[in-house]
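User: Got a model here and I'd like to talk through its pockets and its ligand. Can you walk me through it?

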Amino acid sequence: MANSSRSLRLILFAALALVLAAALWATIAALRGGIALWRELRELPALLQYATAGLLAAVVLGFAWLAWRLLRPRPRKPSIAKAPERAEVQARLDVLAQQRADTAELQAELAELDRRARSEQLYIAVFGEISAGKSSLIRALADGAAPAADVLGGTTRAVAHYSAHIGAAQLTLADVPGTHEVAGIAREAIARDEALRAHVVLYVGAGDLTRDQDAELRWLRGFGKPLVLVLNKADQLHAAERLTLTAALRQKYRDVTDAQLVVSAGGTETVERRRTDGRSETIERERRADVSALTEALRRYAAGGAVALEPARTAAVLSRVDARAGELEAGMREREAEAVVAKYTKRAVVGALAAVMPGSDLVIQAVLATGLIRELSKLYAVPVRDIDVEAFIAQVKLTVRTSASLVLAIAGNAAKAFPGLGTLGGGVLHAIAYGLIFDSLGRAIATTLRERHALDRDAAASALSRLLADASAERLRRIAQYALGGENEKP
Ligand SMILES: Nc1nc2c(ncn2[C@@H]2O[C@H](COP(=O)(O)OP(=O)(O)OP(=O)(O)O)[C@@H](O)[C@H]2O)c(=O)[nH]1
Ligand SMILES: [Mg+2]
């Protein structure tokens, strides 16, 4: 052992010595070549000397430039998700509609996508956390628009559109509910959808951004459309504070947003005023607004026109509709899987009641289990080989055997809990036990197919053990009812 390691080290040493010698040889040869070239050059006429030196310098510089181009550090570009094609999304919705899924909302979203594209109107979504001053910003930008604004967060509860004239251009501002409101998840979803429908998104903040706001901003950037960070309520900051904060935000978000602007939307404030008769009164008055930086930015977007910004907007909406179609599909599959599991659980219960299966031992029926696995793998489009099915069933039999007493005890409790069942005879206990086993097996398999896209035997077996011990009342009632129904169905 020691000898072999020594000879290995010797071989390594010899190889290293050879490499070193070769490197030394190459360096000496290059030096000699260089010196010889230098001597030859010096013997040439001056003009040729300069020309050769110039050529050499050009080659070296060219090489350095190429190396820089290839190796220089690149600014990180935000990754923009690839959007699906319109036809793909439509086809997905058509299939879902054929399966009687409720696709009305998603179809309406596509119709709205087309309607806005035809109108060639520029849509700007004013998005941000609650009470950031979004509605006040719209008041300041759109003459005559009076969206409700209030110190109480959650003032804006639905999307509203306001027409604004910026110079000669006309655009539509969308006021949306604020995000991060406690218990405002549904309104947040409304706001996000509207942000995706717009050509440009103004992300309004009132101070440094929190971690959640940061994540939200980056999520919006992922759709690749114009995104402007608007720091509102600048009047609340001292000059020095304002400078530090804006410099920090600019530095942090210059790669994430297209512009970082500082404004004061104004809003209203309540002040105490002393009247001439000596008494005091409270009045509401408008704060002074300064949104000139934003007006300028919007003027530029308006000058570019909505049509130029349409592809990114379309991509954002299509991505969203596609993702929601995916959720619908997953929901449908889930329900179908439940129906398959229920079908096999019923068959197992009915079979046991008819005493087709062995009564004293809870050895599961391979035919039934194979059918269950096959149907579920087809539903989740996961190919499963026969050999894997067999191996898995062998493993399941072992698990069932070791937990047989537990399963029978749970089944016994179920039978006791439902007075009608107890009188149906001893077979009922086994029937419920079989039901428990098939219900657990089906759920365990469905979970591994859904989450791992494979029949992961170990994951399924451990889920099965867990489910076999689950004696929740709702579940037992369901399985016991199969036994009742099965008993009634018996000739
Ligand atoms: N000091 C100051 N306060 C402002 C400014 N803009 C808005 N506000 C105040 O901030 C509060 C919230 O304003 P809103 O316009 O209702 O805010 P919002 O983002 O629309 O709020 P939600 O719709 O509830 O999400 C109000 O009390 C406004 O008066 C500003 O520039 N400076
Ligand atoms: Mg509002």
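Analyst: Sure, terms up front: on a 1 Å grid over the protein atoms alone, a pocket is an open set of points with protein on both sides within 12 Å along at least five of seven lines, a cavity is a set where a 1.4 Å probe fits but cannot get out, and lining residues have an atom within 4 Å of a point. Helices (H or I, at least four residues) and strands (E, at least two) are DSSP runs numbered from the N terminus. This is a predicted model, where local features need pLDDT of at least 70 and side-chain atom pairs pLDDT 80 or more, while totals for chains, interfaces and linings use all residues. Residues are numbered from 1 along each chain as its sequence is written, chains are lettered from A and ligands numbered from 1 in the order written, and side-chain values use heavy atoms, without hydrogens and water.

User: Which element gives the largest share of the lining of the largest pocket?

Analyst: That's α5, with five residues. β7 (268-274) and β8 (280-286) each supply at least two.

User: What volume does the largest pocket have?

Analyst: About 640 Å³, counting the space filled by probe spheres set on the points, which are joined across faces, edges and corners. The lining has 34 residues, with Gly 133, Ser 136, Ala 149, Asp 150 and Val 151 nearest the centre.

User: And where's ligand 1?

Analyst: The space it takes is that largest pocket; sitting there requires more than half of its atoms within 2 Å of the grid points.

User: Which residues come nearest to ligand 1?

Analyst: Of 25 around it (a heavy atom within 4 Å), Lys 134, Ser 136, Gly 154, Thr 155 and Thr 156. Helix α5 (residues 134-141) gives the most to this shell, three residues.

User: What polar contacts does ligand 1 have?

Analyst: Taking N or O pairs within 3.5 Å, a polar side-chain atom of Lys 134 is 2.7 Å from a ligand oxygen. Backbone polar atoms of Ala 132 and Thr 268 each lie 3.2 Å from an oxygen of ligand 1. The protein covers 97% of the ligand's own 650 Å² of accessible area (Shrake-Rupley, 1.4 Å probe).

User: Switching topic: how many cavities of 30 Å³ or more?

Analyst: One, with a volume of about 50 Å³. Leu 229, Leu 231, Thr 246, Leu 249, Arg 250, Gln 260, Leu 261 and Val 262 line it.

User: Which elements supply that lining?

Analyst: β5 (227-231), α8 (239-253) and β6 (259-262) each give at least two residues.

Note on methods: A polar contact is a pair of N or O atoms within 3.5 Å; within protein, one must be able to donate a hydrogen and the other to accept it, and residues adjacent in sequence count only if both atoms are side-chain atoms.
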